[in-house]
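Here are my notes on the model you sent, set out as numbered points. Please read them with the sequence and the coordinates open beside you.

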Amino acid sequence: MRYNERELLSLARQPAEKAAEIRMSVPKKGSVLKKRLVKLVVNFLFYFRTDEAEPIGALLLEHCRITKEEENVFSISFIEEPERKYCFECASEEQCQEWVEALKRASYEFLRRSLIFYRNEIQKMTGKDPLEQYGISEEARFQLGTHQQ
Amino acid sequence: MKLNERSLAFYATCDSPADNSGFLYKRGERHTAYHRRWFVLKGNMLFYFEERESREPVGVIVLEGCNVELCDSAEDFAFAIRFGGTKSRTYVLAAESQAAMESWVKSLSRASFDYMRLVVRELEKQLEEMRWGLAGGCGGSREPPGSWKPKQCPERLPALPAIPPKENGCAVWNNALGVGQPPDTSGCGGNDDEGTLRPPPLPPRRRVLNGEAALESPSTFCQLHERYSREVARLRQDWLEKRRCPRP
């Protein structure tokens with residue numbers, strides 16, 4: 001699949017929502033945990049060798065499952081292939097929990113659900129659609145409930 | 001750089017609703033011939049397929065940090081997705097009607113994660129202010145009388161970072177929707193010549209909500225939105241005027 005790598009690399013250089021050195025393994029046979037710089041930027045998780053400026057890889061965090069595994073460890077898997085897990089071993093249980101919480105909220109789809117929720121709540125409390133003043137009430141992406149194509 | 005392509009393909013083709021979809025002509029990279037492709041916009045990802053029934057996208061354009069502009073082209077209803085940086089590619093697309101073009105320009109312009117986050121923060125803030133209002137001001141219980149709990153988090157609103165690194169969206173909008181605009185020099189972030197986006201300056205710290213801070217952020221967002229609407233309106237005006245002039 002073609003993609004605009006230059007822009008993605010540029011995104012990887014942006015200030016991160018969260019970044020840390022974490023031991024990580026990829027879902028490949030014989031893969032072991034290796035120390036990586038892991039960086040969350042918008043809905044992408046970039047991972048770098050600790051001394052390199054360009055990431056080894058990027059994970060788009062949509063339709064993924066973040067699972068707390070054993071102590072200090074969490075994993076990321078994608079719903080179409082739940083057995084293939086990217087594993088992350090943190091320095092502490094606290095760090096692990098922080099990452100799990102952050103990653104669960106990292107997807108565009110999560111943001112959209114939050115928006116729809118808040119919009120609905122505000123509308124219930126005030127009787128007014130809060131998006132109207134911004135002129136974006138009719139946008140497909142902000143609609144309550146599923147929108148059919 | 002590796003990308004989780006299988007998951008991307010799944011995201012593109014699964015039945016989660018698309019924010020826009022339709023046929024567009026895409027100008028080739030090296031050859032300037034246009035190819036008709038089926039486009040699907042989900043979130044900040046613009047996927048394109050060889051055909052509507054294709055099982056996998058040919059490619060994807062990550063839309064973070066892009067500008068969407070109308071553009072001069074022999075092709076009718078053309079618009080461009082531009083990224084900052086001297087070596088960045090510009091994607092030139094053409095719709096099949098005026099209405100389709102406007103619909104795409106609108107939905108692509110607002111497709112970034114940053115924009116969505118901005119809107120969510122706004123609403124989050126409004127809701128929080130209402131809660132404080134209900135509970136009778138500061139101090140006391142954080143729970144409003146009629147209890148509501150967002151499904152995904154405890155009593156506090158979702159923990160989006162308090163000082164976001166790319167908060168104000170200026171880095172996306174400020175390089176202008178117009179063709180031929182001078183490079184951004186306002187303090188709102190922009191691109192340097194090496195092709196890397198400079199992070200925008202940090203926004204002022206959000207003050208503890210006390211009812212008075214209420215007025216600030218909504219006007220910031222309003223200003224942003226107002227600016228955006230003016231630019232789109234101006235651009236549209238320019239385009240309509242060009243259309244009225246006889247073609248050479």
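**Notes on the two-chain model**

1. With 9% relative accessibility, A9(B) counts as buried, because the cut-off for that word is a relative accessible area under 20%. The model is a predicted one, and every value in this note should be read in that light. A9(B) lies in helix α1 of chain B, which covers residues 5-13. Its C-alpha atom is 5.9 Å from that of E56(B), although the two residues are 47 apart in sequence. Apart from neighbours within four places in sequence, A9(B) is in contact with E56(B) and P57(B) of its own chain and with M1(A) of the other.

2. That contact with M1(A) leads to the interface as a whole, where 64 residues of chain A are in contact with 72 residues of chain B. M1(A), Y118(A) and Y134(A) are the residues of chain A that lose the most area to chain B, and together they account for 14% of what that side buries. The area buried between the two chains is about 6200 Å², and carbon and sulfur atoms give 64% of it.

3. The polar side of the interface can be described as well. Between chain A and chain B the count is three salt bridges, and one of the salt bridges in the model joins the side chains of E81(A) and R6(B), with an N to O distance of 2.8 Å. Across the interface, 17 residue pairs are found in polar contact, both residues of each pair being at pLDDT 80 or more. On the side of chain A that touches chain B, the elements giving two or more residues are β1, α1 (5-12), β4, β5 (57-60), β8 (81-89) and α3 (108-126) of chain A. Of these, α3(A) gives the most, with 15 residues.

4. Which strands form the open sheet that draws on both chains? Eight strands take part, in the order β1(A)-β5(B)-β4(B)-β3(B)-β2(B)-β8(B)-β7(B)-β6(B), and their pairing is mixed. The edges are held by β1 (2-3) of chain A and β6 (66-70) of chain B, each of which has a single partner strand, so one side of each is left without a neighbour in the sheet. Within this sheet, β2 (residues 20-27) and β3 (residues 34-42) of chain B run antiparallel and are joined by eight bridges. In this pairing G22(B) stands opposite F39(B).

5. In chain A, strand β2 (residues 18-25) and β3(A) pair in the antiparallel sense over seven bridges, and the bridge partner of K18(A) in β3(A) is L40(A). Strand β3(A) is also joined to β4(A) by six bridges, again with the two strands running antiparallel, and here V38(A) stands opposite Y47(A).

6. Two backbone angles deserve a look, given that most residues other than glycine have a negative phi. V42(A), in the loop between β3 (34-41) and β4 (44-49) of chain A, has a positive phi of about 45° although it is not a glycine. The hairpin of β3(A) and β4(A), to which V42(A) belongs, has two residues between its strands. V42(A) is also buried, with a relative accessible area of 1%. In chain B, F77(B) has a positive phi near 55°; F77(B) sits in the loop between β6 and β7 (78-83) and is buried at a relative accessible area of 16%.

7. Is N44(B) buried or exposed? With a relative accessible area of 1%, N44(B) is buried, and its place is in the loop between β3 and β4 (45-49) of chain B. The side chains of N44(B) and N43(A) are joined by a polar contact of 3.0 Å. Not counting residues up to four places away in sequence, N44(B) touches N43(A) and Y108(A) in the other chain, and in its own chain residues including I61(B), V62(B), L63(B) and F113(B).

8. As for annotation, the unreviewed UniProt entry for chain A places "domain: PH" at residues 19-108, a stretch that is 14% helix and 50% strand, with its end C-alpha atoms 19 Å apart. For chain B, UniProt lists "domain: PH" (unreviewed entry) at residues 17-113; that stretch is 13% helix and 42% strand, and its end C-alpha atoms are 17 Å apart.

Note on methods:
Residues numbered from 1 in each chain as written. Chains lettered and ligands numbered in written order. Predicted model: local features only at pLDDT ≥ 70, side-chain atom pairs only at ≥ 80, totals over all residues. Heavy atoms only, no water. UniProt positions renumbered as here; feature names shortened; annotations may be inferred. Helix = DSSP H or I, 4+ residues; strand = E, 2+ residues; numbered from the N terminus. Pairing = 2+ DSSP bridges. Buried < 20%, exposed > 50% of the residue type's maximum accessible area, 1.4 Å probe, protein only. Polar contact = N/O pair within 3.5 Å; in protein donor to acceptor, adjacent residues only side chain to side chain. Contact = heavy atoms within 4.5 Å. Buried area = accessible area lost by both parts, 1.4 Å probe. Salt bridge = Lys/Arg side-chain N within 4 Å of Asp/Glu carboxyl O.
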